Amino acid sequence: MENIAKEKSIYSFFHSIGQKMLYQIWFSGFTIVLFFKALLQMRFAFAKRREIVKQMYVSGIKSMLVCSIVALFGGMILSLHTGVELKRWGQQDVVPTLMINVMNKEMGAFLTGIILTAFSGAAMAAELATMKVSEEIDALEMMSINPVRFLVMPRIVALMIMLPTLSIYTVILGVFGGALISYFQLGLTFEDYYHRVYESIWLKDMYVGLLKSLVFGIIISSISCANGLIAENGAEGVGRATRISVVSSYLMILIVGYFITALFYGGFL
Amino acid sequence: MIELHNICKRFGSKIVLDDVSLKIEDGETFVIIGQSGVGKTTILRAIAGFFNPDSGEVLIDGIHMDRATSRVKANLREKMGFLFQSGALINWLSVRENVALPLVEHRIGTKEEIDRIVDEKLELLQLTDAAEKMPSDISGGMKKRVGLARAIVRNPRIILYDEPTSGLDPVMSAKIDELIIKMKNELKVTSIVVTHDMESAYRIADRIAMIYKGSVLQCGTPEEIKNTTNPFVRQFIEGRLHGPIEV
């Protein structure tokens, strides 16, 4: 009897793991298909310009304050840690080069992605999930209005535009944060700092950073919209969709961010 | 004409519809009654093509909704309006914009024509004063009326009502019933109404069908239902706690 119970619990353990894996595969497929459907609907982007601009305002302009604080203090922390250590070896002149490289290649897109996941991704998932559980999306289908064109495409386009834009803004402010620390703590002048920054700007770093932020924009909006569209079970489902979209977006930003870095700086390209 | 032939539907392990067959004539007001969770709304959703039944057929004017491609489904849905239980209004659009939405999205008419049609529907449902309000600023009864205005804005031949009087006070329920009768008389629409409200059912129905555990228990005129000898139907229409229906 004991053996049978043990076998049953082992079976149900693997059964639940298998089910979760199958669900993840299905959901990944659903998200990718949703993105491509939205891509097809982008031919109607001009007709939906009002909604796109509204989403750009919500994701971009409203999150600027948070972006500013995170970018400025992120840059200050980064330059403080590296600068204090490098100053001991008389190498504080390297800080501007380090700052522009790190911000351009990685931190600009990463910080903006993290902020917009929390700020816009969560809002998108919650908004669409609420619409799903309150039958608004069914109502759209009943009116033969394509929910992908009406809801998903404007959100994806808005983040595809706003994430690279805000990423540039984050890089500028992050580097400025580094300038403040360099001036007040490391004894560098603003002129020297920005001269070195200017000398260290590489086109490849810029386009890789922008590519990353564009991909992050697609990831955040697609995952959030997909989670919103499959929500069920009322308020609990809305909470679940929001939570999963934020966690999944964070994980995908890290994983995809690594692979883009490996692709461009790991000797592949 | 709407026909359902031997529809079966299962969600997970739960059988929601079990061999349901119904025939609804053009211009008829057909009311579906039954306890919560017995599959009434699922019947409406099958007719609207939100899912395909596991077996059986759904025919709208002889065309298969259950096997329809998305284009055919869209064409069939053009003939239909659906009043959802909550109204399902888009919350960032005003009452006027909600009602105009199907026309704007499908580019039916000029702006002036759309405004004229919307004004007409708002007036029919006595919503003219609320035209510029947002859904969050109007009552539940008004939301249902706005939902109905949106459902009829493209002059559908079939209107599906999902519990149109639930959560409303008796006066507002009577108002909604009056509107359903008005739709039938003035617009000659076929109506399928899902409700628990027996008073409302008797007022508006040409025929009533009672659903129990996913199957049609009885179907007949309001008089036939009132005088039924079926113990299940009697218990339900009299609202008795004790009887053959498991509570």
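**Strand pairing and helix packing in chain B**

In chain B, helix α5 (residues 140-152) lies across β6 and β7, and its direction makes an angle of about 170° with β6(B). The model described here is predicted. A second helix of chain B, α1 (residues 40-48), lies across β3 (29-33), β6, β7, β8 and β9 (207-212). Helix α1 of chain B runs at about 150° to β7(B).

The strands β6, β7, β8, β3, β9 and β10 of chain B form, in that order, an open sheet of 6 strands with mixed pairing. Its edges are β6 (80-83) and β10 (215-220) of chain B, each of which pairs on one side only. On average, neighbouring strands of this sheet are turned by 15° against each other, direction ignored. Within the sheet, β7 (residues 158-162) and β8 (residues 190-194) of chain B run parallel and are joined by 5 bridges. In this pairing, B:D162 stands opposite B:V194 of β8(B).

Further pairing in chain B involves β1, β2 and β4. Strands β1 (residues 2-11) and β2 (residues 14-24) of chain B pair in the antiparallel sense, with 7 bridges between them. The two strands β1(B) and β2(B) form a hairpin with 2 residues between them. In the turn of this hairpin, B:G12 has a positive phi of about 65°. Strand β1(B) is also joined by 5 bridges to β4 (residues 55-60) of chain B, and these two strands run antiparallel. Residue B:I2 takes part in both arrangements: B:I2 stands opposite B:I24 in β2(B), and B:I2 stands opposite B:I60 in β4(B).

How values were computed: Residues are numbered from 1 along each chain as its sequence is written. Chains are lettered from A and ligands numbered from 1 in the order in which they are written. This is a predicted model: local features need pLDDT of at least 70, side-chain atom pairs count only at pLDDT 80 or more; totals for chains, interfaces and linings use all residues. Side-chain values use heavy atoms; hydrogens and water are left out. Two strands pair if DSSP finds at least two bridges between them. Helices (H or I, at least four residues) and strands (E, at least two) are DSSP runs, numbered from the N terminus. Axes are lines fitted to C-alpha atoms, for helices over the stretch in contact, and angles run from 0 to 180 degrees between N-to-C directions. Contact means heavy atoms within 4.5 Å.
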